[in-house]
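Thanks for making the time this morning. I would like to walk you through one model, slowly and with the criteria stated as we go, so please have the viewer open.

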Amino acid sequence: MPMRPAFGGPRLLLRRLREVMAEQISAQERLDKIVVLIAANMVAEVCSVYVLRVDGTLELYATQGLNREAVHLTVMRAGEGLVGLVAQTAEALNLSDAQEHPSFSFKPETGEEIFHSFLGVPILRGGNTLGVLVVQNRAHRKYEEDEVEALQTTSMVLAEMIASGELSALAPPGQEPVARRPLHLPGEGLADGVGLGHVVLHEPRIHVAKLIADDPARELVRMETAIEALRAEIDDMLDDEAVARGGEHRDILEAYRMFAHDRGFVRRLKEAVGTGITAEAAVERVQSDNRARMMRQTDPYLRERMHDLDDIANRLMRQLTGDKGVVPAELPDNAIVVARHMGPAALLDYDRTKLRGLVLEEAGSTSHVAIVARALGIPTVGQAENATSLADPGDAIIIDGATGEVHLRPTSDVENAYAEKVRFRARRQAQYAAIRHLPAVTRDGVEVKLHLNAGLMVDLPFLEETGASGIGLFRTELQFMVANALPRTAEQLDLYRKVLDAAGERPVTFRTLDIGGDKVLPYMEVIQEENPAMGWRAIRLGLDRPGLLRSQVRAMLRAAAGREIRIMFPMIAAVEEFDAAKAIVERELTHLRRHDHRMPDRVQVGAMVEVPALLFQLDELLPRVDFLSVGSNDLVQFMFAVDRGNSRVANRFDTMSPPILRALRLLARKGHEHGKLVTLCGELASRPLEAMILAALGFRSLSLSPAAVGPVKSVIRDLDLARVSALVDDLIDKPKPGPSIRQRLRDFAEAEGVSL
Ligand code: PEP
Ligand code: MG
C-alpha cells in the first residue's frame, strides 16, 4: 500500500489563503495562487477549480497540475463526468481510481489521464452549489477523512470569493458564474403593485466575517459552550408553561431538542472547528451541507425539516455572536423585505415610508400578512421558493405583486421593461382617478356600492383617494396588533372618532376584535391550541371574557355620538352568539344613556358570515340583524377545509366553483328576501373577475382593499349585469364539463369588452 504523503493540515493553508485573499491582485491571479497553495498543502499533483455557470455548465477557472491551456476552455455539461457528479449531488467524491468510475469522462485537452485518485468537493454557499474544487494524484490512494474535511473547509473561501461577484468580469454574457446571476423566481401575487428596490432580509443572515481561527482550541470551547447554551435555551422554551400544554409548537421544540443533542450534528460541528475555522464558520459550513442535501429532497416533510435545521443553526449562530436577530431599526430607502414567513404584526413594525415590497417563501393570498400588506398597499409576492437563501442583502430586486414574479439582480432589459410597466400602471391609475367620483353602476343601471377594508390611520386618506362609499370593514384588531400594550379605551375611542371624522357622511362598519388564530397580540399570553383557526378566537373570546368586548363597544358608541355607526361581530356560528353579542351593545347603550352621554343617531348591528353553519340559520338570523357581511376568507377556508394560511393547500380549490358560488348566491338572495343589506368583505371582492361574479350573484355592496377600488369599479361600469347574471346562474345550476367557470367568465368578459 502506498504511503500517505505528508498532509500539511488545513490551518496553515487557511492562514496562507487569508493572505492571498487580502492581496491587491486580479481575480484570476488570486485563483491561480489559491490552487497552487492547496495542491502544495494537500501534496496533490493537481488542484482545479470549476465554477458553475448560469448556463448550467462547469468551467475550469484555474488549475495547478493540469494543462494550463485548458483554463476557461474546458467546460463540462451539467452532470457530466466526476466534476459534474459532485456538482449535481452536492456531495464529496473520493476515489482511488477515478477512471474506473462509470461517470468518468476524459477531456484530452487537460492531460488528466495519468491521475488516478480524485477528490472533489462542492463549493457551497447557503446550500447552493457554486462550483467544484478538485485535487488529484497520480498514485492510487484514497484521501483520508481529515483531508476531505480540509478541502471542504477550503472551499468556503472559494465560495466567498465567487459569491462576491469578482469573477463575473472574467466571463462573457451568458456564461457568468451562477452565483449572483440574475434570477427569476415565479411566486404568487398576494398584493398588487410593482416594487423596485433592494433586498433586506427579515431575518438577517449572520455574516461570518472571520473564517479562520486564531486559536483553534478556543474555538472548540466556544462551540461547546454555545451548544450547551442552545440546549438550555430549548429546554427553557419547553418548560415555558404555555408551551408545556402541548400543541404544534411543542412538537417543533421537541424536534429542536433532538437536533441539538444529535451526536452526528454535534460531531460534524466539532470536526469542522477541528479543521481550523472559527466556530461561526463551522456552523455555516455544516448548515450549508445540510441545506444542500435537503434541497435535493422532494419529500415535503423532509423539506420542512430543512427549516427546522435552519432555525437551529441560526440559534446556535446567535449564541456564538450574541446577536439577538432583531429586525433592523433603520430600513434603507426602497427596501424590499424578503422573509420565509411573517406575521402581520411584524410587517407593521417596518417603516412604511421606506418599504417598497415584500417577498415571502410561505403565505397564501388570504393569510393575514397578505391582507395587511394589501391594506397598506405594499406589493407582495408569496410562495417564492428559496428566496431567503438566494437573495443577499442589498441585491437589486424587482417584484410584481400582480403576476407573482420576483426578479433578483435583474438585467437591464428586465429593469427597463418594469420601468415601462410602472409608467403604464401610472396611466391606468390616472384612468381610475378619472372615474373616482362616478358611482359603480353597471351599463344596465344597477349600482354596486364599493366600500373600503381598513384598519389603521394610514388607511383613511384612501377614502378620498378612491372615492369609496364608506368603510365596509374596519379591522379593529390591527390597532391592537401594532401596539406594544393593550390599547386603553381612551386610545380606542380616539382612533374610532378619527375614523368616523374622516368618513364624514359615509358609513363605517367597525368589526369588534378578531384576535386569536394567527392574529396574536405580542403582549398577551399565547394560548397554544391544536387548531387556532377553529379555536378560541374572535367573538368566542369576546363572549367568554366580555370585559374587553364591552370596553371596545363602549368606545365605538361614544365615538359615534350624534352620528350613525355600524358594529359587526366576527366568527358568529350560532344565532345565540349574535344575541349575546348584541345584548352587550344594548347594555352599553343603556350605560351611556344613564350617564348622559351624547348618543349615536343610529346604531346598526350585524354579523359576519364566516362559519358555514350560519348558512343554515339564515331565516332565524336575518330578522335579528341589521345587516350581514360575508367574510369569504374564513367562509371558504371552512367550507373547503383548507387552512387559508397554509400555502400547500390554500389554493387547492377554486373559489369560483359551484359550492362556494351557491353559498354566496344563497346569502345574497336571503338578504334580499329579508330586506337586509348583505356585503361581502373578504378578499374575493378585491379581484375584478370575482367582483364581477359577485355582482352577478346579487351582491350590491362589496368591501375591498383600496388599490382594488379603481379596477373593480371600472369592471362594474363596463358590465351588462343581466347578461352576466344569466350566464353565472346557468353555470352554477347546470355545471358543464370543459373549461372552468373562471375561464368561461374570462372569455365572456373578453367578448363583452370588459377589461379585467
Ligand atoms: C374574512 O374572513 O373574510 C374576513 C374579512 O376577515 P379576516 O380576513 O380579517 O379574517
Ligand atoms: Mg375572518
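Let me start with the open sheet, which is built from eight strands in the order 7-14-13-9-10-11-12-8, with mixed pairing. Two strands are taken to pair if DSSP finds at least two bridges between them, and the elements are DSSP runs numbered from the N terminus, helices being H or I with at least four residues and strands E with at least two. At the edges sit strand 7 (183-186) and strand 8 (188-191), each of which pairs on one side only. On average, and with direction ignored, neighbouring strands of this sheet are turned by 30° against each other.

This is a predicted model, in which local features need pLDDT of at least 70 and side-chain atom pairs count only at pLDDT 80 or more, whereas totals for chains, interfaces and linings use all residues. Residues are numbered from 1 along each chain as its sequence is written, chains are lettered from A and ligands numbered from 1 in the order in which they are written, and side-chain values use heavy atoms, with hydrogens and water left out.

Staying at the edge, strand 7 pairs with strand 14 (residues 405-408) in the antiparallel sense over four bridges; among the partners, Leu183 is bridged to Leu408 and His184 to His407. Which side chains of strand 7 are buried? Leu183 and Leu185 are, and they point to one face, while His184 and Pro186 point to the other and are not buried; here buried means under 20% relative accessible area, exposed over 50%, and partly exposed in between, with a 1.4 Å probe and protein chains only. In a regular strand the side chains alternate between the two faces of the sheet.

Two helices pack on this sheet, and contact here means heavy atoms within 4.5 Å. Helix 12 (residues 368-376) touches strand 8, strand 11 (355-360) and strand 12 (380-382), and its direction makes about 60° with that of strand 8. Helix 14 (residues 412-434) touches strand 9 (194-201), strand 13 (396-400) and strand 14, at about 45° to the direction of strand 13. For these angles, axes are lines fitted to C-alpha atoms, for helices over the stretch in contact, and the values run from 0 to 180 degrees between N-to-C directions.

Now to the magnesium ion, ligand 2, whose protein donors are Glu610 (OE) and Asp634 (OD), lying 2.0 Å from it. Donors are N, O and S atoms within 2.8 Å of the metal (3.2 Å for Na, K and Ca), and since water is not among the atoms, sites may look incomplete. The two residues are 24 residues apart and link distant parts of the chain, with Glu610 in the loop between strand 19 (602-609) and helix 21 (618-621) and Asp634 in helix 22 (residues 632-640). Both Glu610 and Asp634 are buried.

Finally, two single residues. Asn94, in strand 4 (residues 93-95), counts as buried because its relative accessible area is 17%, and its side chain reaches the backbone oxygen of Tyr143 at 2.8 Å. Asp214, in the loop between strand 9 and helix 5 (216-239), counts as exposed because its relative accessibility is 53%. The C-alpha atoms of Asp214 and Glu233 are separated by 28 Å, although these residues are 19 residues apart along the chain.

Conventions:
A polar contact is a pair of N or O atoms within 3.5 Å; within protein, one must be able to donate a hydrogen and the other to accept it, and residues adjacent in sequence count only if both atoms are side-chain atoms.
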